[in-house]
Amino acid sequence: MANLAEVLRNALSLEVRERATLAERLLASLDEISEEEAERLWAEEAERRLEEFRAGRAQAVQAGEVHAKAKQLFR
């Protein structure tokens, strides 16, 4: 079985519509877990992202930039 980094690398190489479809299906698969488990997993992800930011391995992006890019991608 491929590891997460390999799966992520492959997923990010997809076209934007394919990535959107993949994201939709992955999110739908979360319906199979309890609300408490989903909240715990999102909290863990938020903490991981905060640590990446604090360690300088991730950068913040202004909300306006995110909105503009989303508009451009989903025209």
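**A tour of the pockets**

Start by selecting the four helices α1 (4-12), α2 (16-29), α3 (35-54) and α4 (63-73): each of them contributes at least two residues to the lining of the largest pocket. Keep in mind that this is a predicted model.

Next, colour α2, which gives the most to that lining, with 8 residues. The space in the largest pocket comes to about 1300 Å³. To find its middle, select Leu-8, Leu-12, Ala-23, Leu-26 and Arg-49, the closest to the centre among the 27 residues that line the pocket.

What classes of residue make up the lining of the largest pocket? Colour the lining by class and you should find 20 nonpolar, 1 polar and 6 charged residues.

Now move to the second largest pocket, which holds about 210 Å³ of space. Select Arg-49, Glu-52, Phe-53 and Ala-58, the residues that line this pocket. By class, they divide into 2 nonpolar and 2 charged, with no polar residue. Arg-49 has already come up on this tour, as one of the residues closest to the centre of the largest pocket.

Then show α3 by itself and mark the C-alpha atoms at its two ends. How far apart are the end C-alpha atoms of α3? They are 28 Å apart, which agrees with the span expected for its 20 residues, because at 1.5 Å a residue the helix should span 28 Å.

For the last stop, go just past the end of α3 and select Gly-56, where phi is positive, at about 80 degrees.

Key. Residues numbered from 1 in each chain as written. Predicted model: local features only at pLDDT ≥ 70, side-chain atom pairs only at ≥ 80, totals over all residues. Heavy atoms only, no water. 1 Å grid on protein atoms, 1.4 Å probe; cavity = no way out; pocket = protein on both sides within 12 Å on 5 of 7 lines; lining within 4 Å. Points joined across faces, edges and corners; volume = space filled by probe spheres on them. Nonpolar A, V, L, I, M, F, W, Y, C, P; charged D, E, K, R; others polar. Expected span 1.5 Å × (residues − 1).
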